[in-house]
Amino acid sequence: MRKTKALVFNYSLNGLLADPDTDFWDFVFGQLDEAGGPDADDGTLALLRNASAHVMGRVAYEGMAKNLPTNTEHPWSAILNAGNKVVFSRTMTAAAWENTTIVSGDTAEEMDRLRQGDGHILLWGGVGLWRSLMQLDLIDEFYVSMYPYVTSQGTLMFDDVPKGYRLDLIDSLAKSNGILELHYGRHR
């Protein structure tokens with residue numbers, strides 16, 4: 001059975017995701033410009049390249065589909081253009097980005113179908129999809145990039161989740177710019 005791995009980038013020390021048009025967003029992308037970020041990290045690129053499927057919600061898909069297919073300079077572009085993309089949406093009827101499938105059925109049933117086979121599935125979000133999958137206990141691992149920043153503006157990722165959700169630390173890396181790369185596995 002394929003493992004599901006959630007990618008959580010741009011996360012603040014106090015638990016908020018960077019939203020566009022905030023100081024935290026500017027800080028995150030300033031850090032990426034200065035020191036490079038997880039998008040150019042060899043480990044992250046291998047994780048993306050080896051995924052059986054890239055699963056995302058509609059909003060995440062639309063943001064990525066708007067930029068990555070034609071941005072050939074981005075390290076993720078070729079990987080995601082060729083990769084199998086699955087979008088969970090009840091409103092989308094068509095997808096222009098090659099190798100994209102839209103699913104609108106029962107989330108648990110669709111994920112059970114996707115999890116058949118070997119390898120892993122990357123869960124790109126958005127937040128609503130992550131929360132749904134956490135409620136169903138369908139996320140096996142989290143890759144979290146935590147930035148040295150405290151903010152009052154942003155989206156709270158771990159809101160409306162199960163009462164208890166124990167994780168085990170698999171790996172961590174402290175970068176010289178203060179970013180922590182955290183890899184957790186679901187305690188089973």
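Me: When does a charge count as sitting over a ring?
Reply: A charge sits over a ring if NZ of Lys or CZ of Arg is within 6 Å of the ring centre and within 35 degrees of the ring normal. The model is predicted, so local features need pLDDT of at least 70 and side-chain atom pairs count only at pLDDT 80 or more, while totals for chains, interfaces and linings use all residues. Residues are numbered from 1 along each chain as its sequence is written, and side-chain values use heavy atoms, with hydrogens and water left out.

Me: Which ring does the charged end of Lys85 sit over?
Reply: That of Trp97, at 4.7 Å from the ring centre.

Me: And Arg186?
Reply: The charged end of Arg186 sits over the ring of Tyr165, 4.1 Å from its centre.

Me: On to ring pairs: how many aromatic pairs does the structure hold?
Reply: There are 10, counting rings of Phe, Tyr and Trp (its six-membered ring) whose centres lie within 6.5 Å; planes under 30 degrees apart are stacked, over 60 edge-to-face and the rest tilted. One of the pairs, Phe27 with Tyr149, is tilted, at 4.8 Å centre to centre and 35° between the planes.

Me: What does the pair of Phe27 and Tyr149 tie together?
Reply: Parts 122 residues apart in sequence, because Phe27 lies in helix H1 (residues 23-35) and Tyr149 in the loop between strands E7 (141-147) and E8 (155-156). Helices (H or I, at least four residues) and strands (E, at least two) are DSSP runs, numbered from the N terminus.

Me: Which residues form the aromatic cluster?
Reply: Tyr11, Phe142, Phe158 and Tyr165.
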